Amino acid sequence: MISKKITLIGDFSTGKTSLIRRFVDNEFSDKYLSTIGVKISKKVIDIEDTKVQGLIWDIEGGTDTKPINQTYLRGMHGCIIASDITREETMSNVKNYIKIIQDISKDVPFVVVLNKYDKVEEKDAQEVYVDLMVELNLTEDRLYFTSAKTGLGVDMVFTTLAKLLIQ
Amino acid sequence: MHIQEVFNAIYSNHYYEYFVINKNYEVIEYSDKVFSYCDTQKSNQIFEFIPELYGLDNELYAVLNGEKEFYEIPIVNKNDKYVNIYIYPGRESITHLKRYETLIILFEDITTIATTKQKLIQEKNENTLLLQEISIKNEQLEIYNHKMQELVRAEIKKNLEQQKKLELQSRYSQMGEIIGMITHQWKQPLNAISMMANVLMLKQQNDSLDKKILEEKLDDILMQVKYMSQTVNDFQHFFNPIKDKMFFNVSDSIQSVLDLVKSEYFHKNIIVSLNGDKSINAVGLPNEVNQVILSLLKNSKDEFVKNPHSNMKVNINVTSIDDKAIIEVSDNAGGIPDDIIDEIFDIYVTTKQDGSGIGLNISKSMIEDHMDGRMYVENIENGAKFTILLPTTMDN
């Protein structure tokens, strides 16, 4: 089994903790509890014959006045950038997080998620998706809709990233 | 002799726990309570105890080699406690200067401070979310308001068009009514003219037509024609739209309506009387006032036709109070049913089986919207009384 450090970053209240909780424990709570500092969770992800132990870093979300602490990103193997599809500014900030990751290492694979998909109309969500894909110059395999509430897309995002980590 | 006790006292109150590891990252020493911050106790590999160190080989190596004084991972949530994790160099290498044989990993418990901080951040984030939500709602509200204004404008335009249509419909309806009355009023003079023409023809055939009779009969015919012509003029005047408000004599205006309808009402045994102060002037659109009076008279007549009796009366009374002219039109036609009297001015509300429910609605609109007046109704003994208030000065 190989271990990989996966970080989750993004603005505050984009649902990073909820995504991890859904992925690791298959649970969800509507109550918002701000994360401070960092908390690590572990989950083994099966990629065909390979078992990848994900050490998933739930990192305190960034705000306008307090960016994320980059100490936590050292030694990461992959990253998930979370945004809230109902809050435009969290999506605008994705490009800043991509820059942070690439400044640390150009080779670190990352995926971007548009979380809280359950809160928007499908048509509106698709429009946002296309706009963001064009703006960030992302391919379809790097940008996902997720809903920690319903579980939509959550496993796929972690599995996709794990596949990228063992390539 | 008390050193051990002192050490125990200090140790039991301090906030630090530790691991000591060698260059192969194997645990060689640890404090008793350090495992409260670990996921496992069954390993000798530091990465199993502290997965936070995984991937930090470069950082650990830098401390071992003296390139970094220490390395810190701040505010780590470990088993519901918060710790700062520090990696310090341990025992110095005997063979290599400024290099180290061991690393000391310290856990500083900051749960109390971190919990307070968490609450502050939570509060701040919730406030920010609330402000963002308010901002979004405000934007949505602006969009809705804009849309609403457009809808209201469109609806007003539609209503105005509808109002115009209704007014036209009401006017056509009244024209039909008036034409019926003219027909009624023309019958008598036409008969008279026809009879006089026959008399003249017979006299001529008998050679008994002298100049005097001819002149008399021709005068009579001309008088009848004049009367007919006057009726048509009245009709034309009645429907000639006046768009600007003007001073007019209320009784004279109402009398012109009565002149048009008197014949028909007389033949139906309905007594229509106009009383009150004949000097009162009002400001408004006299033709529209006349249309309202005609509409009220027609309603009374229709009720009388449905339920005729021997003493059918419509009384129009003109008075004034302060700066208002008051026209009261009352009848003894049975009144308006109590269950609809409050809605009688609403569009399409009628007491008649074949009524359109437009007349009273348009009448109220003409009085209140076109002339800044008031119009209301109440039931009186055996009938209904409509009251119209009109301003008497232009300032009103």
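How many residues does the contact take from chain A and from chain B? In this predicted model, the contact takes 21 residues from chain A and 21 residues from chain B. On the side of chain A that touches chain B, strand E1 (2–10) and strand E2 (38–47) of chain A each supply at least two residues. The largest share of that side, 4 residues, comes from E2(A). By residue class, the side of chain A that touches chain B divides into 7 nonpolar, 9 polar and 5 charged residues.

Strand pairing also links the two chains. E2(A) pairs with strand E3 (residues 71–78) of chain B in the parallel sense, over 2 bridges. Within this pairing, Val38(A) has Val76(B) of E3(B) as its bridge partner. In general, the strands of a sheet pair through backbone hydrogen bonds, in either a parallel or an antiparallel sense.

The wider arrangement is an open sheet of 11 strands with mixed pairing. Its order is E6(A)-E5(A)-E4(A)-E1(A)-E3(A)-E2(A)-E3(B)-E4(B)-E5(B)-E1(B)-E2(B). At the edges stand strand E6 (143–145) of chain A and strand E2 (27–30) of chain B; each has a single partner strand, so one side of each is left without a neighbour in the sheet. On average, and with direction ignored, neighbouring strands of this sheet are turned by 30° against each other.

At the chain A edge, E5(A) and E6(A) pair over 3 bridges in the parallel sense. Here Tyr144(A), in E6(A), is the bridge partner of Val113(A). Helix H3 (residues 94–104) of chain A packs on the sheet, where it touches E1, E4 and E5 of chain A. The direction of H3(A) makes about 165° with that of E4(A).

A further element to consider is helix H1 (residues 16–25) of chain A. Of its 10 residues, 7 are buried, so H1(A) is largely enclosed by the rest of the structure. The buried residues are Lys16(A), Thr17(A), Ser18(A), Leu19(A), Ile20(A), Arg22(A) and Phe23(A). What covers these buried residues includes several strands of chain A, namely E1, E2, strand E3 (50–59), strand E4 (78–84) and strand E5 (110–115), together with helix H5 (154–166) of chain A. Just after H1(A), Asn26(A) takes a positive phi of about 55°.

Conventions
Residues are numbered from 1 along each chain as its sequence is written. Chains are lettered from A and ligands numbered from 1 in the order in which they are written. This is a predicted model: local features need pLDDT of at least 70, side-chain atom pairs count only at pLDDT 80 or more; totals for chains, interfaces and linings use all residues. Two residues are in contact if their C-beta atoms, placed from the backbone, lie within 7 Å. Ala, Val, Leu, Ile, Met, Phe, Trp, Tyr, Cys and Pro count as nonpolar, Asp, Glu, Lys and Arg as charged, and the others, Gly among them, as polar. Two strands pair if DSSP finds at least two bridges between them. A residue is buried if 20 or more other C-beta atoms lie within 10 Å of its own, exposed if 12 or fewer, and partly exposed in between; C-beta atoms are placed from the backbone. Axes are lines fitted to C-alpha atoms, for helices over the stretch in contact, and angles run from 0 to 180 degrees between N-to-C directions.
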